Amino acid sequence: MRRNTLPAFALTRGCLATAALLALAAVAACGTGDKGGGGPATKTAAVPAPAKKQRPVVQGLPGMPPVLDPKDVYAADRPGLLSPVVKDFPSRVYVPNTESDTVSVIDPQTYKIVETIRVGRQPQHVVPSWDLKTLWVNNNRGHTLTPIDPRTGKAGEPVEVHDPYNLYFTPNGKYAVVMASLDRELVFRDPHTMKTVRTEPVTCYGVNHADFSMDGRYFIVSCEFSGELLKVDTEKMKVVGQQKLPFEGAMPQDVKLSPDGSTFYIADMMADGMWVLDGDRFTKPTLLPTGKGTHGLYVSRDSREMYVSNRGEGTISVFDFARREVTRKWRLPGGGSPDMGGVSADGKVLWLSGRYNAEVYAIDTRTGAELARIKVGSGPHGLAVYPQPGRYSLGHTGVFR
């Protein structure tokens with residue numbers, strides 16, 4: 001994601017039966033109407049289904065909670081399925097304002113700001129900890145993490161961490177992984193004290209977003225400023241694969257695993273679509289167009305769809321996992337710059353920051369209608385909806401398993 005300071009990622013897997021590669025010729029209508037969509041349709045070609053591979057029976061990452069459903073990595077994220085850890089937390093939307101050095105706290109019931117928390121310089125994302133107990137504000141240029149207690153909404157003493165552009169946690173909760181974008185490092189840290197355990201230098205520019213494989217043994221990382229992808233061995237804490245995206249000027253952003261664990265989707269704000277990647281084989285990905293400035297990726301509570309924010313055109317594309325195609329497109333009335341966010345605990349509202357408009361959007365996930373547009377600080381970015389369903393957090397603005 002482009003910064004203001006710059007110019008411009010133990011249970012057995014089920015075995016899958018071998019099948020021939022299917023080419024889907026169907027096309028999907030992407031509505032461009034207002035609020036609920038339903039306007040004139042444009043056609044978007046479906047992505048060919050990947051060849052189903054015979055997967056060896058493997059154990060998950062040691063210490064990782066068992067996968068609930070080998071066919072759906074998001075099985076723990078169903079509507080209202082809150083962990084006992086968070087069930088008494090007040091429902092809030094936490095919005096980091098990169099140019100105001102604040103976090104706006106919104107009550108999703110009233111759509112009103114109930115508190116403004118001053119944090120460090122250039123807060124980029126609000127990240128739920130692996131154990132769900134803490135929200136970490138990534139103060140990128142302030143070189144600190146500010147902890148927020150989601151029970152009380154109060155901020156604690158900042159922790160010194162250099163270049164914390166984004167933050168993830170290994171699926172077993174053993175390490176925090178800081179995406180040190182300008183430092184060109186992946187820094188593995190203690191998830192509580194944030195003391196450095198191991199630093200993995202990278203040769204790409206702008207390590208940015210990530211997601212983990214279903215078994216947790218590796219994760220895919222996007223490198224924004226050099227248009228590359230990394231594959232990282234979780235246990236070894238080492239880069240084991242690297243490739244350049246096949247698009248001149250590629251700028252990859254958010255990364256998300258498909259429910260069945262077979263595919264990674266990588267948003268690209270310059271290629272105006274999602275890259276479709278076989279993470280196991282780490283072969284050349286294919287591009288699925290979604291809209292101008294493709295940026296954030298958010299899975300629906302029933303694991304059937306994914307909401308794709310197109311920051312450059314003020315739209316949200318709805319991608320159907322089973323059909324492997326975009327089926328709808330919602331346009332924000334009056335335009336906007338939808339960026340990062342999350343889905344409400346009941347699955348009914350998609351919350352997104354308006355990066356260049358100093359606002360936040362609440363969008364009905366059934367119709368695409370805009371429910372609210374809330375003015376916040378300057379440069380709102382990686383907002384977190386909290387709490388959300390799930391047993392543990394992998395980081396970013398809330399990737400739960």
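1. Is F247 buried, partly exposed or exposed? F247 is partly exposed, with a relative accessible area of 32%. The model is predicted, and that value is computed from it. A residue needs over 30% relative accessible area to count towards a patch, so F247 at 32% passes that cut-off.

2. F247 does sit in such a patch. Together with M270 and L287, F247 makes a nonpolar surface patch of about 230 Å². As for its place in the chain, F247 lies in the loop between β18 (238-244) and β19 (252-257).

3. The strand that follows this loop, β19, belongs to an open sheet. Four strands form that sheet, in the order β19-β20-β21-β22, with antiparallel pairing. Its edge strands are β19 and β22 (286-289), and each of them pairs on one side only. Neighbouring strands here are turned by 25° against each other on average, direction ignored.

4. Look next at the β21-β22 pairing. Strand β21 (residues 273-277) runs antiparallel to β22, and 4 bridges join the two. W275 has L287 in β22 as its bridge partner. L287 also contributes to the nonpolar patch with F247 and M270.

5. A second sheet deserves a separate point. It is open and has 4 strands, in the order β5-β4-β3-β31, and the pairing is antiparallel. At its edges stand β5 (112-118) and β31 (384-386). Each has a single partner strand, so one side of each is left without a neighbour in the sheet. Here, neighbouring strands are turned by 25° against each other on average, direction ignored.

6. Which strand partners β31 at that edge? Strand β3 (residues 92-97) does: the two run antiparallel and are joined by 3 bridges. Within this pairing, V93 has V385 in β31 as its bridge partner.

7. On cross-links, the structure holds 1 disulfide. C204 and C223 form it, with their sulfur atoms 2.1 Å apart. The link is left-handed, with -50° about the S-S bond. The pair links distant parts of the chain, 19 residues apart. C204 is in the loop between β14 (196-201) and β15 (207-212), while C223 is in strand β16 (residues 218-223).

8. Are the two cysteines of this link buried or exposed? Both C204 and C223 are buried. F247, by contrast, is partly exposed.

Terms used. Residues are numbered from 1 along each chain as its sequence is written. This is a predicted model: local features need pLDDT of at least 70, side-chain atom pairs count only at pLDDT 80 or more; totals for chains, interfaces and linings use all residues. Side-chain values use heavy atoms; hydrogens and water are left out. Patches are made of residues with over 30% relative accessible area and no salt bridge: like charges are joined within 9 Å, nonpolar side chains (Val, Leu, Ile, Met, Phe, Trp, Tyr) within 5 Å. Accessible areas come from the Shrake-Rupley method with a 1.4 Å probe; for residues, only the protein chains shown count as cover. A salt bridge is a side-chain nitrogen of Lys or Arg within 4 Å of a carboxyl oxygen of Asp or Glu. Buried means under 20% relative accessible area, exposed over 50%, partly exposed in between (1.4 Å probe, protein chains only). A disulfide is a pair of cysteine sulfur atoms within 2.5 Å. Two strands pair if DSSP finds at least two bridges between them. Axes are lines fitted to C-alpha atoms, for helices over the stretch in contact, and angles run from 0 to 180 degrees between N-to-C directions.
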